[in-house]
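Trainee: I should like to learn how to read the features of a protein model. Could you guide me through this one, beginning with its pockets?

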Amino acid sequence: MSIQIEKVQFATDELAKGLSQLLPQLSSTAPILSVDDVERLINSEAATLFVARDAGALVGTLTLIIFSIPTGRRAWIEDVVVDATARGRGVGEALTITALNEAKARGARTIDLTSRPAREAANALYQKVGFSLRDTNVYRLMVKADDDSDQ
């Protein structure tokens, strides 16, 4: 396997389809993405979308969010998913290290992420590349937009 990591610059049908196939492996509520959805993501000032390819096939993705708040420039890693057929081959590590390097180069003071305890391999990977478990609570408030039909 020869993994190539790329920072997404352009939205394509192939990319939208590939992401729509990967994301349900992370979340059963992941939406089907359109090219317009991907375009909005890659045009966001805060978000950087990375993908991993093996022989051209999309095998992983990671979204890096970088933002400034009064206490400094911060980064957050979201929606890391590696296709089931490519797990255990360094794809997640390559995506994560690429995102860490990008965040550091863009001045982030800290880089955070969350991972469910059941995702043992992912948790081991994050610790391997230098993340440490924080003693914190993560809260979520579900907000349903007026135009959301079933999300």
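Mentor: Let us begin with the second largest pocket, where helix H4 makes the greatest contribution to the lining, giving three residues. Please bear in mind that this is a predicted model.

Trainee: How many residues line the second largest pocket, and which lie nearest its centre?

Mentor: The general idea is that rolling a probe the size of a water molecule over the atoms shows where empty space is left. In this case, 21 residues form the lining, and Leu113, Thr114, Ser132, Leu133 and Arg134 are nearest the centre. Besides H4, helix H3 and strand S5 (110–112) each give two or more residues to this lining. The volume of the second largest pocket is about 630 Å³. Sorted by class, its lining holds 10 nonpolar, eight polar and three charged residues.

Trainee: What volume does the largest pocket have, and which residues lie nearest its centre?

Mentor: Its volume is about 1300 Å³. The lining consists of 36 residues, with Leu26, Ser27, Glu78, Asp79 and Arg140 nearest the centre. Helix H2 (35–43) and strands S3 and S4 are the elements that supply two or more residues each. Of these, S4 provides the largest share, five residues. By class, the lining has 20 nonpolar, seven polar and nine charged residues.

Trainee: I turn now to the interior. How many residues does the largest nonpolar core have?

Mentor: In soluble globular proteins, nonpolar side chains tend to be buried together. Here the largest nonpolar core has 23 residues, and Leu62, Leu64 and Ile77 have the most contacts inside it. Two or more residues come from each of strand S2 (47–54), strand S3 (57–69), strand S4 (72–82), helix H3 (91–105) and helix H4 (120–128). H3 gives the most, with five residues.

Trainee: Which residues does Leu64 touch?

Mentor: Leaving aside residues up to four places away in sequence, the partners of Leu64 include Phe50, Trp76, Ile77, Ala99 and Glu102. There is also a second, separate core of 14 residues, with Ala11, Leu19, Leu22 and Leu26 among them.

Trainee: How many salt bridges are there?

Mentor: Side chains of opposite charge can pair when their charged atoms come close. In this model the count is seven salt bridges. One of them joins Glu102 to Lys7, with the closest N and O atoms 3.1 Å apart. Glu102 belongs to helix H3 and Lys7 to strand S1 (residues 3–7), so this pair ties together parts that are 95 residues apart in sequence.

Trainee: Is Glu102 buried or exposed?

Mentor: Glu102 has a relative accessible area of 15%; because buried means under 20%, Glu102 is classed as buried. Lys7, at 36% relative accessibility, counts as partly exposed.

Trainee: Which side chain does Asp37 meet in a salt bridge?

Mentor: Asp37 pairs with Arg40, at 2.6 Å from N to O. The two are three residues apart in helix H2, and therefore about one helical turn separates them. Asp37 counts as partly exposed at 26% relative accessibility, whereas Arg40 counts as exposed at 54%.

Trainee: Which helices hold Glu93 and Lys128?

Mentor: Glu93 lies in helix H3 and Lys128 in helix H4, so their pairing ties together parts that are 35 residues apart in sequence. Their salt bridge spans 3.0 Å from N to O. At 24% relative accessibility Glu93 counts as partly exposed, while Lys128 counts as exposed at 60%. Finally, salt bridges with shared partners join Glu6, Glu14 and Arg53 into one network.

Definitions and conventions: Residues numbered from 1 in each chain as written. Predicted model: local features only at pLDDT ≥ 70, side-chain atom pairs only at ≥ 80, totals over all residues. Heavy atoms only, no water. Core = buried A, V, L, I, M, F, W, Y, C linked by side-chain atoms within 4.5 Å. Buried < 20%, exposed > 50% of the residue type's maximum accessible area, 1.4 Å probe, protein only. Helix = DSSP H or I, 4+ residues; strand = E, 2+ residues; numbered from the N terminus. Contact = heavy atoms within 4.5 Å. 1 Å grid on protein atoms, 1.4 Å probe; cavity = no way out; pocket = protein on both sides within 12 Å on 5 of 7 lines; lining within 4 Å. Points joined across faces, edges and corners; volume = space filled by probe spheres on them. Nonpolar A, V, L, I, M, F, W, Y, C, P; charged D, E, K, R; others polar. Salt bridge = Lys/Arg side-chain N within 4 Å of Asp/Glu carboxyl O.
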